[in-house]
Amino acid sequence: MLLLAIETTCDETAAAVIRDDLAVLGAAVASQEAIHRRFQGVVPELASRAHVDRIVPVVDQALSQAGVALTDLNCVAVANTPGLAGSLLVGLSAAKSLALALGLPLVAINHVFAHLYACQLGEPESIFPCVGLVVSGGHSSLFRCDDALTFELLGGTIDDAAGEAFDKVATLLGLPYPGGPAIEAAARAGNPSTYAFPRSFLHEPARLEFSFSGLKTAVRYALPAGVVEKRATLEHRTVADLAASFQQAVVDVLVAKAVHALTATGYQTLCVGGGVAANAAIRSTLESAARRHGFQLHIARRDLCTDNAVMGALAWERFRAGWFEELDLDIHPGLMRDPKVRARQNPQNHTTTL
């Protein structure tokens with residue numbers, strides 16, 4: 001059986017055709033980096049307009065790669081939470097239209113949970129149960145994942161997400177957008193011990209939360225006097241040391257909190273997804289921590305860390321459970337902060353006719 005997954009939660013328009021054994025037959029992503037670069041961040045209105053222009057060509061490209069027609073599909077899936085409202089609406093409208101026209105079941109995907117499910121792709125055995133760490137431009141969250149459909153929020157950021165902090169600090173340092181890759185590149189030539197930046201809640205094991213706003217501010221005050229006001233160019237060495245020190249502070253907090261979450265749950269498996277998980281320093285430090293503490297580590301492939309529709313393979317788990325949506329399905333831009341947020345919210349337990 002074949003599933004078409006659609007992803008438009010932020011600034012990537014993506015579609016993928018995925019078989020029920022999780023084989024990816026076709027996938028396409030249209031990036032909007034060039035559109036948003038001049039603003040040093042995503043402009044929601046521009047993002048939604050770009051999705052409108054690109055959604056049909058991207059779906060066509062995924063189908064063409066897979067060598068299938070719309071009539072070969074058995075299900076349509078779409079990420080309807082969390083994300084930018086206008087962007088979510090474009091993907092949801094497209095998915096509803098296809099489901100209605102083709103008479104196919106509609107499956108809703110939680111974008112954050114899908115980032116964790118990306119760790120399952122290519123793995124012969126189930127990665128669940130596990131602790132899940134999602135680190136991206138909009139999210140820094142820890143979850144207790146009892147199975148592929150049950151996620152309990154353990155803690156998240158109380159201000160900036162890790163990826164958001166990377167973007168803002170990159171702007172302070174005069175580096176290009178997106179900030180994550182730019183800071184990672186600059187940090188390779190820097191000394192991570194040059195600046196003693198804060199690591200919020202690092203030594204509070206019971207507090208599974210993140211805060212990166214103070215770290216961002218600390219970088220601002222570490223800049224030479226007048227740099228921001230005069231828009232002066234920093235010396236290459238200063239940029240490298242600031243980038244390395246900032247990056248190390250983020251890495252230390254993310255890894256420490258993930259280990260604390262494993263201890264709190266008693267689980268021995270950590271799964272990590274999201275755009276920031278593509279960072280080499282984070283991946284290598286997590287690998288070292290796994291060897292030191294003796295837990296099993298799964299990190300999403302780099303090409304599946306940034307937003308994509310392949311991670312929409314999570315929809316097959318909901319499909320098998322008979323969790324389908326009515327055509328009045330709505331978007332939910334915000335990730336609910338209830339500590340017991342679960343994927344089982346408002347399931348439609350219909351019996352599949354396929």
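Is Arg-237 buried, partly exposed or exposed, and what is its relative accessible area? Arg-237 is partly exposed, at 46% (buried is under 20% relative accessible area, exposed over 50%, partly exposed in between, with a 1.4 Å probe and protein chains only). The model is predicted: local features need pLDDT of at least 70, side-chain atom pairs count only at pLDDT 80 or more, and totals for chains, interfaces and linings use all residues. Residues are numbered from 1 along each chain as its sequence is written, and side-chain values use heavy atoms, with hydrogens and water left out.

**View 1. Arg-237 and Asp-241 form a salt bridge in helix H9.** Their closest N and O atoms are 3.4 Å apart (a salt bridge is a side-chain nitrogen of Lys or Arg within 4 Å of a carboxyl oxygen of Asp or Glu). Helix H9 spans residues 236-265 (helices are DSSP runs of H or I with at least four residues, strands are runs of E with at least two, and both are numbered from the N terminus). The two residues sit 4 apart, about one turn of the helix. Asp-241 is buried, with a relative accessible area of 10%.

**View 2. Lys-168 and Glu-164 meet in a salt bridge in helix H5.** The N to O distance is 2.9 Å. Helix H5 covers residues 162-172, and the pair is 4 residues apart, about one turn. Lys-168 is partly exposed at 32%. Glu-164 is also partly exposed, at 27%. Both belong to a salt-bridge network that links them with Asp-160 and Lys-216.

**View 3. Arg-318 and Glu-325 form a salt bridge between buried residues.** The N to O distance is 3.5 Å. Arg-318 has 7% relative accessibility. Glu-325 has 14%. The salt-bridge count for the model comes to 12.

**View 4. An open sheet of 5 strands has mixed pairing.** The order is E8-E7-E6-E9-E10 (two strands pair if DSSP finds at least two bridges between them). Strands E8 (150-156) and E10 (296-299) are the edges, each pairing on one side only. The twist averages 25 degrees from one strand to the next (axes are lines fitted to C-alpha atoms, for helices over the stretch in contact, and angles run from 0 to 180 degrees between N-to-C directions).

**View 5. Strands E6 and E9 run parallel.** E6 holds residues 130-135 and E9 holds residues 269-273, with 4 bridges joining them. Val-134 has Gly-273 of E9 as its bridge partner. Helix H10 (residues 280-293) packs on the sheet and touches E9 and E10 (contact means heavy atoms within 4.5 Å). The direction of H10 makes about 165 degrees with that of E10.
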